[in-house]
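The exercises below concern the structure shown next. Each task is followed by a solution that proceeds step by step.

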Amino acid sequence: MSEMIESVLHEKRVFEPAKEFAQRARIKSMTEYEALYKRAEEDLEGFWGDVARELHWFEPWSQVLEWNLPDSRWFVGGKTNISYNCLDRHLITERRNKAALIWEGEPGDQRILTYQQLHREVCLFANALESLGVKKGDRVAIYLPLIPEAAIAMLACARIGAPHSIVFGGFSAEALRDRVDDAGAKVVITADGGWRRGKVVPLKDNTDKALENSEISHVIVVKRCENDIAWRNGRDHWWHELVADASAKHEAPAHDAEHPLFMLYTSGTTGKPKGILHTTGGYMVGTYFTTRMVFDLREEDTFWCTADVGWITGHSYIVYGPLANGAACVMYEGAPNYPEPDRFWDLCEKYEVSVFYTAPTAIRAFHRWGDQWVDKHDLSSLRLLGTVGEPINPEAWMWYHNKIGGGRCPIVDTWWQTETGAIMISPLPGATPTKPGSATRPLPGIIADVVKKDGTSCAANEGGFLVIKQPWPSMLRTIYRDHDRFIKTYFGEIQGFYFAGDGARRDEDGYFWIMGRVDDVINVAGHRLSTMEVESALVAHENVAEAAVVGRPDEVTGQAIVAFVTPMSGVAAGEELGVELRKHVTDQIGALARPAQIRFADALPKTRSGKIMRRLLRDIASGSTAKGDLTTLEDASILEKLAQERGDEE
Ligand code: PRX
């Protein structure tokens, strides 16, 4: 059967939640879901207020929501502390000695921290930060591997009220510099290195490069790989030495609900990443609620979200959401296929993971590596599976369902974004019948729709823009230091609504099917990148006259980067330049932005007014002929030449 036909057949299948699962689930049927959804829709403030009351507040709010489009304030006047809610709150319960973090390093070393131990580590480190002069409101940059110290640092910053800005360890020194500068960070927390496929990622070296001309007075370094590193006396401090001198008592202060919790840089349509700002109370309520509902958490669950804390998924579903619920969370430092392609399944078996949350790219890669790696392991502890970050194709969904979930585990395909802070559209596993490839229905409290440019709703199955029509607690509050860009980007496209940047359709059952970005953002292996960001990196190279970057479909990573490059005159195009440019992009942004293919061209197709016609380049990159209206094209012969050029494929 052709893949196309198979895909359509899978899409048409509907999977009802298994009876045994539904019986014990929080929400057991669509009738219950619909009643809850209706209640939230009719009384948004009452609904979220009830959720928020399940958490600890030092002082209650006077108003649940203050909404002056596009600005929202949640739990106005309320005082809380998210670190207190993730830790201290559990210490007076039977969770005190329950595992909070079950961590494994890539080399196989292990560390398990109970809630009591994690609380102690966070208090020690909060005091250490304060001893260096970090105060409420100061920004702290975190550039760490996925080790317990990453979670400890986040919770310590949150405790003090010092917004953190995590930079994914795969980003380069240049990318780190931009983010540290934009945030005006006072301190950088890093490690000597991190383990990835048996090699050391030189995080401290990158930090040194990033801070070459910086005034930053403190760098805190975790000893992880014991590799040689340069040391600047006075500025650099070992983490273990700082905490050795610190007190283990740290009372969590009360922060205003709208106090900034963190910023996280993400790609937009321009070359400059934007610092998405989240605040304390709303983000806490959103991540707490969604973790509990979507993953149907039970006290005895072992929850594993395979993301990195450098992305929003790691913020919300490795650290804040699960810990606010008192869950036991697995955390793994390294590559999924190291030392062998069964590392994830080995971890699932060893720790008896019951809820497993990963990205479609990983699922497709495991599928490709072969069933024999899965067959070696007993995965019977799994009861629920999740996906996030990109559309999942029905074939990958079926494989995940049958091979990993043994046909018994519901799959929650969760749609959300860095900006939304928490899951927005997803099945509730005990209630929602699933259709492979659809994120199904919005969660209670989330008023989503697919609309036309003028804001009116699309008909069933008509493609349009995915919007959120009412505010929700964990929504971003601004783009750090650029409120105008915030207004323009999210509320400027479709009047009156938050526009996410995604195209979608709703089928006759009201199920959402995400069709991908409608802007110049591409999604490579679940990582969000702006084509402009990669273009800016390329044209900064002395041998490049012009560059245009597009995404092409890729079987494993969803999309792959193709760069069309016109070299400076006199510069030879070819493999050597290709290698050089890939290295250059890696240095400027990080390996995640490396083009899969570089195609050289004497000229790029442009309109008569000089704009590069990316639409045509997308067609060429995906191997088809350029389609659509070509009348605005300045020089049609360029297309033919481009199509013949084979390019330098990695
Ligand atoms: O295009 C959507 C895609 O990922 C984008 C958000 O990326 P980021 O902010 O990096 O956050 C990723 C993790 C939450 C969205 O605009 N996306 C995310 N989840 C899905 C998805 N596309 C389809 N299906 C999903 N479940």
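**Exercise 1.** Classify Arg528 as buried or exposed, and locate it in the fold.

*Solution.* Step 1: the relative accessible area of Arg528 is 16%. Step 2: buried means under 20% relative accessible area, exposed over 50%, and partly exposed in between, with a 1.4 Å probe and protein chains only as cover. Arg528 is therefore buried. Step 3: Arg528 belongs to strand β27 (residues 527–530), where helices (H or I, at least four residues) and strands (E, at least two) are DSSP runs numbered from the N terminus. Step 4: Arg528 and Phe262 are separated by 266 residues in sequence and by 19 Å in space, C-alpha to C-alpha.

The model is predicted, so local features need pLDDT of at least 70 and side-chain atom pairs count only at pLDDT 80 or more, whereas totals for chains, interfaces and linings use all residues. Residues are numbered from 1 along each chain as its sequence is written, and side-chain values use heavy atoms, with hydrogens and water left out.

**Exercise 2.** Describe the shell around the ligand: which residues are closest, and which polar atoms approach the ligand?

*Solution.* Step 1: the ligand is surrounded by 17 residues, and the closest are Asp413, Thr414, Thr418, Asp502 and Arg528; a residue counts as near if one of its heavy atoms lies within 4 Å. Step 2: α12 (312–324), β20 (411–414) and β25 (512–517) each contribute at least two residues to this shell. Step 3: the shell comprises six nonpolar, six polar and five charged residues. In this division Ala, Val, Leu, Ile, Met, Phe, Trp, Tyr, Cys and Pro count as nonpolar, Asp, Glu, Lys and Arg as charged, and the others, Gly among them, as polar.

Step 4: consider the polar contacts, that is, pairs of N or O atoms within 3.5 Å; within protein, one must be able to donate a hydrogen and the other to accept it, and residues adjacent in sequence count only if both atoms are side-chain atoms. A polar side-chain atom of Asp413 is 2.8 Å from a ligand nitrogen atom, and a backbone N or O atom of Pro391 is 3.5 Å from a nitrogen atom of the ligand. The side chain of Gln417 places an N or O atom 2.9 Å from an oxygen atom of the ligand. Step 5: on its own the ligand has 550 Å² of accessible area, of which the protein covers 95%; such areas come from the Shrake-Rupley method with a 1.4 Å probe, and for residues only the protein chains shown count as cover.

**Exercise 3.** Which element gives the most to the lining of the second largest pocket?

*Solution.* Step 1: on a 1 Å grid over the protein atoms alone, a cavity is a set of points where a 1.4 Å probe fits but cannot get out, and a pocket is an open set with protein on both sides within 12 Å along at least five of seven lines; lining residues have an atom within 4 Å of a point. Grid points are joined across faces, edges and corners, and a volume is the space filled by probe spheres set on the points. Step 2: the second largest pocket holds about 440 Å³. Step 3: its lining has 21 residues, with Thr269, Lys488, Thr489, Glu493 and Asp519 nearest the centre. Step 4: α17 (483–491) and β24 (498–506) each supply at least two lining residues, and α17 gives the most, with four. Step 5: the lining divides into six nonpolar, five polar and 10 charged residues.

**Exercise 4.** What is the composition of the lining of the largest cavity?

*Solution.* Step 1: there are four cavities of 30 Å³ or more, and the largest has a volume of about 50 Å³. Step 2: 14 residues line the largest cavity, and Trp48, Thr290, Ile423, Ile446 and Ser474 are the closest to its centre. Step 3: helix α11 (residues 280–294) gives the most, with three residues. Step 4: the lining consists of 10 nonpolar, four polar and no charged residues.

**Exercise 5.** Where does Thr440 lie, and is it buried or exposed?

*Solution.* Step 1: most residues other than glycine have a negative phi, and most peptide bonds are trans. Step 2: Thr440, although not a glycine, has a positive phi of about 65°. Step 3: Thr440 lies in the loop between β20 and β21 (448–451). Step 4: with a relative accessible area of 0%, Thr440 is buried.
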